[in-house]
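User: Please take a close look at the hollows in this model, both open and closed, and describe what lines them.

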Amino acid sequence: MRKQALLVVLALVFGLAACGGGAGDGETRLRFVWWGNQDRATLTERAIRLFEQRNPGVRVDTTFTAFGAYWEKLATETAGGNPPDVIQLDYRYLNEYAGRGVLLDLAGSLGKEIRTADWNQGLIGSGKIKDKQVGVPFAQNATTIVYDPKPFAAKGIPEPRLGWTWQDYLAQATKLSEGQVAGATDFAGTEDVFEIWLRQHGKQLYTADGQFAFGEADLREFWQLAARFRAAGAFNHVELTSGLNQGPEQTPLGRRRTATEHSYDSIFGGYHAIRPGELKLAPYPSDDPKQLGQYRKPSQLLSVFARTKQKAAALKLVDFLLNDEEAGKILGATRGLPPNLKIRAQVAQTLQGADRQVYDYETALDPHLGDAPPPPPKGDGAVYKLMQRLNEEIVFGRKSIDEAVKQFFADATSHLR
């Protein structure tokens with residue numbers, strides 16, 4: 001029995017050494033996490049396996065989850081002092097994690113371990129907070145209206161295009177609504193849409209010091225705009241509202257319950273996977289032809305854990321994903337357009353299907369896009385969820401717009417402290 005117990009202990013010791021890598025077997029182990037769907041995961045895994053082939057002795061353990069679950073898991077790991085070595089971060093959460101001292105300052109690595117000479121230089125600053133470069137853009141994307149052209153053609157309605165207005169959108173979405181299919185997915189609970197609408201009116205979400213740059217009247221007017229869509233029967237049925245801001249397969253458009261939906265072009269591949277060849281991309285409506293409000297946004301950013309024990313390997317992985325030509329071909333436009341302009345041009349020659357649509361959309365729209373504003377302040381992730389929740393309160397008749405506006409400012413201000 002003692003001999004058997006000793007064998008068990010030895011097996012556990014060697015098993016743990018194998019899992020941990022490093023000194024026991026000479027293998028360098030990295031953890032890399034991201035959010036996305038299976039389509040994005042398949043391509044990312046292919047790129048990671050290529051990195052491992054190019055770097056013998058380096059093993060990359062990967063994990064991906066849906067957007068909502070991702071932040072819950074990352075918050076738990078961070079609180080426990082065990083974040084991944086390489087982390088995919090969203091623009092709206094960057095300040096929050098940088099404020100915790102979790103992220104490595106990459107400023108000294110730019111132009112060295114992480115090559116940037118061929119990048120879109122205006123995009124690099126999107127990962128900078130104060131004097132620290134806490135992330136680098138994984139790809140560039142932009143907001144978009146994803147739409148099904150078939151009902152437009154069936155009803156003789158012009159497809160959305162640059163220059164259309166919010167009144168055009170309302171009129172078209174109303175005409176498109178029929179039976180169980182609505183003309184538009186409810187956008188009133190989505191902070192991204194509100195931000196673009198504010199920019200169209202010459203305003204911003206936040207001031208330079210991280211406070212709200214809009215007032216009650218602005219939010220009220222935006223929610224009243226949405227109320228006109230709702231009153232006209234142009235929005236999705238209320239029972240679908242709780243499925244918003246999830247993966248494409250769960251949204252009303254993904255489920256064939258609406259004809260148009262506000263989204264990001266970087267997740268268009270997810271729509272294409274469930275509705276191949278059926279959907280198109282269009283710019284936002286705007287009442288000011290000179291101010292579209294949309295901007296070049298980092299679809300995701302790559303950051304490195306400040307206390308990683310594998311800094312050199314982590315930086316090498318980041319550089320590879322952003323600057324390697326073969327990795328660029330594999331990843332395509334699954335997260336948006338590559339920040340490296342040379343790779344973007346090379347990738348464009350081979351793009352097909354949904355990736356081609358994303359490339360053509362952003363290329364045509366680029367002259368009308370502004371540079372990204374500074375990353376939102378810590379607490380914006382909670383504000384994002386608050387706006388969605390209060391919109392649901394309005395939709396289900398539990399609060400009036402005025403009540404929801406006052407509740408928003410009462411609750412949101414505390415999140416930004």
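Analyst: On a 1 Å grid over the protein atoms alone, a pocket is an open set of points with protein on both sides within 12 Å along at least five of seven lines, a cavity is a set where a 1.4 Å probe fits but cannot get out, and lining residues have an atom within 4 Å of a point. The model is predicted, with local features needing pLDDT of at least 70 and side-chain atom pairs 80 or more, while totals for linings use all residues. Residues are numbered from 1 along each chain, and side-chain values use heavy atoms, without hydrogens or water.

Among the open spaces, the second largest pocket holds about 460 Å³, and of the 21 residues lining that pocket, Asn-95, Thr-207, Ala-208, Pro-374 and Pro-375 lie nearest its centre.

Turning to the closed spaces, the structure has four cavities of 30 Å³ or more, and the largest cavity encloses about 120 Å³. Its lining comprises 15 residues, with Phe-138, Leu-321, Leu-331, Gly-332 and Pro-338 closest to the centre, and strand 6, helix 11 and helix 12 (DSSP runs, at least two residues for a strand and four for a helix) each contribute at least two residues to that lining.

The second largest cavity, at about 70 Å³, is bordered by Val-33, Trp-34, Thr-63, Thr-65, Tyr-70, Lys-73, Leu-74, Glu-77 and Pro-84. Strand 1 (28–35), strand 2 (58–65) and helix 3 (67–79) each give two or more residues to this lining, and helix 3 supplies the most, with four.

Definitions and conventions: Points joined across faces, edges and corners; volume = space filled by probe spheres on them.
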